[in-house]
Amino acid sequence: MGEIEQRPTPGSRLGAPENSGISTLEHGQKPPPTPSGKLMSIKIQMLDDTQEAFEVPQRAPGKVLLDAVCNHLNLVEGDYFGLEFPDHKKITVWLDLLKPIVKQIRRPKHVVVKFVVKFFPPDHTQLQEELTRYLFALQVKQDLARGRLTCNDTSAALLISHIVQSEIGDFDEALDREHLAKNKYIPQQDALEDKIVEFHHNHIGQTPAESDFQLLEIARRLEMYGIRLHPAKDREGTKINLAVANTGILVFQGFTKINAFNWAKVRKLSFKRKRFLVKLRPDANSSYQDTLEFLMASRDFCKSFWKICVEHHAFFRLFEEPKPKPKPVLFSRGSSFRFSGRTQKQVLDYVKEGGHKKVQFERKHSKIHSIRSLAMQPAEPNSEVPKQSQQSASLTFGEGAESPGGQRCQPGKDVNTSTEESGPRPSPTGKRSPPGSKQADRATTAPAEDEEEAIADRTPQSKPQAPQPSTELSVNSQGGAAPASVTLSPNLSPDTKQASPLISPLLNDQACPRTDDEEEGRRKVPGGDTRRFPTDKAYFIAKEVSTTERTYLKDLEVITSWFQSSVSKEDSMPEALKSLIFPNFEPLHKFHTNFLKEIEQRLALWEGRSNAHIRGDYQRIGDVMLKNIQGMKHLAAHLWKHSEALEALENGIRSSRKLESFCRDFELQKVCYLPLNTFLLRPLQRLMHYKQVLERLCKHHPPSHGDFRDCRAALAEITEMVAQLHSTMIKMENFQKLHELKKDLIGIDNLVIPGREFIRLGSLSKLSGKGLQQRMFFLFNDVLLYTSRGLTASNQFKVHGQLSLYGMTIEESEDEWGVPHCLTLRGQRQSIVVAASSRSEMDKWMEDIQMAIDLAEKSSGPTPEFLASSPPDSKSPEEATVADQESEDDLSASRTSLERQAPHRGNTMVHVCWHRNTSVSMVDFSIAVENQLSGNLLRKFKNSNGWQKLWVVFTNFCLFFYKSHQDNHPLASLPLLGYSLTIPSESENIHKDHVFKLHFKSHVYYFRAESEYTFERWMEVIRSATSSASRAHILSHKESHVY
């Protein structure tokens, strides 16, 4: 009797590995060598109905043939597919990847092996590659035609309409009917023709990639999606059908599902002769017997189904490929069969980490130009599905990207392929360009998602625009072609999920000018006199005031210049709101422009650039600071208005869709590199920076120093101002953060309510019926939300549920579930089990959740439900008609509410935490506000020789890179959460002073500061972003400041 029994520990039931062995995905690992010997030819029927002939060694295992097919198709996610064939008893079976092919296919010349989808994931958004989704769409098309995918007429017509859109393009009734007459997609197609044509009319402008996505979106909701029925009988002799899916074992009567046994309920699967046995875990609430028995037609049928169940369980439930059982010494009992290949988690991790190269492919049946085209087409910002990735020959490559024209993935040297036509034209599915062709040369890939993000203009295009004769393209967030100024947000279309390409020539290791040791040479005066460049710490503190003041002025200009200019061009903002914002920012901009001039004049004298012989009185900054801080007190009335302006702007956005759309479009411009409401808080935050600088100066100077008295007086003045604005600042930071999070969430209406405080957000794995699944958690002082990332044009997170903190308990449950860093949260209505990525992450969550529970207990009672209902629509009457039109749910067009969401930046802190599997708290955000820094740094890549000079701004846990401080917008950014900050070791051969190193996985950057002081300052502020301090340490730190 063959059997498989899961490990007895609860953790194995969830897919937790027993130990951290070497992953099958580690870079540098190679597949086992292909056996040499006599070759045999095997015909493979592809999903587009063409046939390919593959020659493989007779003794080769099945994996060699599957790999050859995947390499031929340039298919990265080949693990979802398999090869099936009729054995000698005419039973359709899967090719065993571990057994020799010759032992499975006895007469290969007379057998056609089919390449088909084997594992259907629960959500098609888990398929990262456009080619994979195209092949899944072909499988759905096949299943429809063969009657496997049964559904009602409306669903069938809708599915076919998407297939027609992908094959012939936009609606043309005559062409549609002609095409449907020639192609039969379903047995009773004639009766549905009018419906198909009607639905097709709604898909105008939809690309083939979008059609595939929509097709799979509809298909996955059908009960028979991915189901392969296996006839059987129950104990009473009733005819039934068994099937296996990602969730467990299903029981059908005809085409109706009558029962399901989740993997979590199944303790053991086995078969004896033609009896298939399912042993269930004890359940007091269940009426089922401990062991269920099903009778199948024969032992071979039974064993075949058992094998499929074993493979599905391993693929969807385990973290990594199960290890082979040791061979018995004397005799064997049961089957030695095991799952071979990567699990779904390993496939997702592999693609997410960018361990592959994007390639082109053609669609056999599509009459429109649907290759991953090199032609430029404007991106559609409101599309739910990413456009087909398009790239240009002039694309530059970030570190880690493969060079153009690099060697393509080919089958092993003993595996040869030849095309055998089964129709009038060869299969283009696996078509590849000749090695020397332009298309091969143009093939490129994007680096892993943690590379720097090129920042560019993200203004959505309301109308299609004619292609521009641009000489450089970059991959946009929807995977389509865009001008080089389009944003490259991390990962957010399926085709670019693993990538945040570094496209900017300036920030590119392969194509940028370098500065090397000549920078040091410029600092030296002939004769070795270096007096023109002071080395006193006070000078570098004063220089920090200058560099950060430049950034502050640029931030003010976002409001006073860029935003005001955009507002003046469109009648979207009420006059009252204009008069509240701009008149209270313009005086600040004027004042700080003069302040910066004074600082720079003083630094010029200090350095000797104006008069090299004047010393003493000009080597100080306290007098300039005192004079200007006293001047700022006259601007206090404007500062008090900024919190009011922030509230008024958010209220205006909530009440006017026109203003909401305008502000959203402005945020997509490259000059608005942070959320718009962040800039409204900059003047209040800047006061804290002045206070910190003056504290450092007072600490540095002895009381006898000439500058000490002015510095101390200036510190007293600024401390008084900060104290007055302290409570307002705390309130506004929380208010701003709640509104920022609101943009990242869908499925929740009234997130911003009086008294609600944000505490922490981050990624945790939640236990569900499908095992451990990544979820994004948001902790507030009254409720805990959990969400999943939806694959939408808006890149938002969909709220799945909430837990009131009132009456909640939290406990470690690693021993109970056998999963590392596991917590159980027990609410009054529901309990959930979550796992953190590390012990430190678990401790942070436990500390913050316990604190939030204590706060909730002190409140009046549990928080009311706020996910189900929406507040009354307060939009203005003239906008109500538009709102009503937008809210109509056009089911016939398969449009969802997600599709109508606005475009949204994909590089927010929420997305960074999701992709780097970490968390960040409001306390961390507050510390980050204090730790803002600007200045010149030299940067070097891991494999480059020269150093590149950049203007770098550190804010919001992120480094923003500029060519110079005069630039209006950053060229690239590097989110630092998850990065490690160290000093290079001797073996790295840097041999320079003041160098620090940032690294995350395979991404390594070196940065060089100009002095010991600036080196220490950069280390201090970056460390605050890469490693969170304990709450106790932070709170004590905060109490030592007035703010």
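The following paragraphs lead from the protein chain as a whole to its aromatic rings and then to a group of paired strands.

The structure is a predicted model. Its protein chain has 1043 residues, of which 56% count as buried. The secondary structure consists of 27 helices and 33 strands. Sequence separation gives a further view of the fold: when contacts between residues at least 6 apart in sequence are considered, 68% of them join residues at least 24 apart. The accessible surface of the chain amounts to about 44,900 Å², and carbon and sulfur atoms account for 50% of that area.

Aromatic residues offer a way into the interior of the description. The structure contains 31 aromatic pairs. One of them is formed by Tyr 979 and Tyr 1005, whose ring centres are 6.4 Å apart and whose planes meet at 35°, an arrangement that counts as tilted. Tyr 979 belongs to the loop between strand 30 (972-975) and strand 31 (980-982), whereas Tyr 1005 belongs to strand 33 (residues 1003-1008); the pair therefore ties together parts that are 26 residues apart in sequence. Both Tyr 979 and Tyr 1005 are buried.

Elsewhere, ring pairs build a cluster out of Tyr 80, Phe 81, Phe 115, Phe 119, Phe 120, Phe 136, Tyr 225, Phe 315 and Phe 316. Rings also meet charged groups. The charged end of Arg 916 is placed over the ring of Phe 1000, at 5.1 Å from the ring centre. In a similar way, Arg 756 has its charged end over the ring of Phe 780, with 6.0 Å to the centre of that ring.

Strand 33, already met through Tyr 1005, also takes part in strand pairing. Its partner is strand 27, which runs antiparallel to strand 33 and is joined to it by four bridges. Within this pairing, Lys 940 has Tyr 1006 of strand 33 as its bridge partner.

Strand 27 spans residues 933-941 and is mostly covered, with eight of its nine residues buried. This strand pairs with strand 28 (residues 948-955) as well, again in the antiparallel sense, over seven bridges. Arg 939 illustrates this second pairing, as its bridge partner in strand 28 is Gln 948. The connection from strand 27 to strand 28 is a hairpin of six residues. Strand 27 thus has bridges to strand 28 and to strand 33, and strand 33 in turn carries Tyr 1005 of the tilted aromatic pair.

Note on methods: Residues numbered from 1 in each chain as written. Predicted model: local features only at pLDDT ≥ 70, side-chain atom pairs only at ≥ 80, totals over all residues. Heavy atoms only, no water. Helix = DSSP H or I, 4+ residues; strand = E, 2+ residues; numbered from the N terminus. Buried < 20%, exposed > 50% of the residue type's maximum accessible area, 1.4 Å probe, protein only. Contact = heavy atoms within 4.5 Å. Areas by Shrake-Rupley, 256 points an atom, 1.4 Å probe, with all protein chains shown as cover. Phe/Tyr/Trp six-rings, centres within 6.5 Å; stacked < 30°, edge-to-face > 60°. Lys NZ or Arg CZ within 6 Å of the ring centre and 35° of its normal. Pairing = 2+ DSSP bridges.
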